[in-house]
Protein chains: 2
Amino acid sequence: MSKLLERAVDELAKLPGVGDRTALRLALHLLRQQPEQVTAFTTAIQDFRTRIRYCERCNNLSDEPVCPICSDPTRDGSTVCVVEQVKDVLSIENTGQYRGLYHVLGGIISPMQGIAPSDLKIDLLVERIARDGIKEVILALNTSIEGETTSYYISRKLEGLPVTISAIARGIGFGDEIDYADEITLVHALHNRRTL
Amino acid sequence: MSKLLERAVDELAKLPGVGDRTALRLALHLLRQQPEQVTAFTTAIQDFRTRIRYCERCNNLSDEPVCPICSDPTRDGSTVCVVEQVKDVLSIENTGQYRGLYHVLGGIISPMQGIAPSDLKIDLLVERIARDGIKEVILALNTSIEGETTSYYISRKLEGLPVTISAIARGIGFGDEIDYADEITLVHALHNRRTL
């Protein structure tokens, strides 16, 4: 087999969820594209990897020292939504319903994976609250043990600071079926019931 | 959203079978890799696209003017297996059972897709047979109408040349179930039955 093809397939097969067969299919797909299109592809990835940085306020991905969300004067700078990762920011932004700022922890506390509180941007969060006049912190972490632990740790860290701390509601997701919901979810859903 | 991330996601989402969500996952995966690893990834793809060429004898992908298979003196130069595309060469090579050479047509005759015989490397095949002392041509094209048409066209083109023309056997695939096989396959399988 051609070494050039082999190397391209090997590299493509390193992507998550891409096996050797798919990698070959992708390589042959790229071969059918115009050279300029492939250059646009590799340049976009290379530029992303080397030029992207983290917003110095919220730790979200950013092209500039401060990200577009943090530097948007129309957003509500008194509310910060704390999330685990960049993907979560995109999910919440996609709802179009949240107008506050974010804080990306860059992970959650996980003794199993060796992630300690000091590995996360929790100190940066505490600094921001003290400095930027933040009035409400919304914890939007996953409903795992690690997520709950991290939420608990952060709420303890913020004790005594003049902020309201809330957590996003737990309940039955839209389209989920009650008989498939686990007990913890059901307990939360019952406990957080709303009067209609 | 960061423009750098957006551009990387847009480019990754152009890959076949990759939607926006997967593209984002891939982009964030690449972000977690060392910059040198991402450079190895983009360089391999870029080099493949710009430096790969087609073997001037068999039209297979090649790093050199003549591919490793065509230039391997231990292979049987009197037999040529005609396939539609590069992938088919790799599939047959993976069996480790074929020691002849290949000829990659680069497609099959398809009026629907506007692919005429002149778009394929059929003339190159005829030249090779006349020049290189080829004694047997094995047609290994897909069992579609287009594949059958192309096989027929090639066998007509080779009429009068001193070569044996054969086609790979049609039958029930290993692991396939007879009651799921279509009629044409079953007819072929019965017709090509072997005495045990």
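These exercises work through contacts, burial and salt bridges in a predicted model.

**Exercise 1. The two chains**

Task: Describe how chain B meets chain A. Which element of chain B gives the most residues to the side that touches chain A?

Solution:
- Step 1. Start with the contacts. 44 residues of chain B are in contact with 44 residues of chain A.
- Step 2. Add the area. The two chains bury about 4,500 Å² between them, and 73% of it is on carbon and sulfur atoms.
- Step 3. Count the polar links. Chain B and chain A share 18 residue pairs in polar contact, both residues at pLDDT 80 or more.
- Step 4. List the elements. Helices H1, H2, H3 and H4 and strand E2 of chain B each give two or more residues to the side that touches chain A.
- Step 5. Pick the top one. H3(B) gives the most, with 14 residues.
- Step 6. Sort the residues. This side of chain B has 25 nonpolar, nine polar and ten charged residues.

**Exercise 2. Salt bridges between chains**

Task: How many salt bridges join chain B and chain A? Which residues are linked in a network with A:Arg7?

Solution:
- Step 1. Recall the principle. Side chains of opposite charge can pair when their charged atoms come close.
- Step 2. Count. There are two salt bridges between chain B and chain A.
- Step 3. Look at one pair. B:Asp47 and A:Arg7 meet through their side chains at 3.0 Å, N to O.
- Step 4. Widen the view. A:Arg7, B:Asp47 and B:Arg51 form a network of salt bridges.

**Exercise 3. A pair across the sequence**

Task: Which parts of chain A does the salt bridge of A:Arg75 and A:Glu93 tie together? Is A:Arg75 buried or exposed?

Solution:
- Step 1. Check the distance. The side chains of A:Arg75 and A:Glu93 meet at 2.8 Å, N to O.
- Step 2. Place the residues. A:Arg75 lies in the loop between strands E2 and E3 of chain A, and A:Glu93 lies in helix H4, so the pair ties together parts 18 residues apart in sequence.
- Step 3. Apply the cut-off. Buried means under 20% relative accessible area. A:Arg75 has 9%, so this residue is buried. A:Glu93, at 26%, is partly exposed.

**Exercise 4. A threonine in a helix**

Task: What surrounds B:Thr150?

Solution:
- Step 1. Locate the residue. B:Thr150 is in helix H6 of chain B.
- Step 2. Judge burial. Its relative accessible area is 0%, so B:Thr150 is buried.
- Step 3. Name the neighbours. Leaving out residues up to four places away in sequence, B:Thr150 touches B:Leu105, B:Ile108, B:Ile109, B:Leu120 and B:Leu141.
- Step 4. Find a polar partner. A polar atom of the B:Thr150 side chain lies 2.9 Å from the backbone nitrogen of B:Ile109.

Terms used. Residues numbered from 1 in each chain as written. Chains lettered and ligands numbered in written order. Predicted model: local features only at pLDDT ≥ 70, side-chain atom pairs only at ≥ 80, totals over all residues. Heavy atoms only, no water. Contact = heavy atoms within 4.5 Å. Buried area = accessible area lost by both parts, 1.4 Å probe. Salt bridge = Lys/Arg side-chain N within 4 Å of Asp/Glu carboxyl O. Polar contact = N/O pair within 3.5 Å; in protein donor to acceptor, adjacent residues only side chain to side chain. Helix = DSSP H or I, 4+ residues; strand = E, 2+ residues; numbered from the N terminus. Nonpolar A, V, L, I, M, F, W, Y, C, P; charged D, E, K, R; others polar. Buried < 20%, exposed > 50% of the residue type's maximum accessible area, 1.4 Å probe, protein only.
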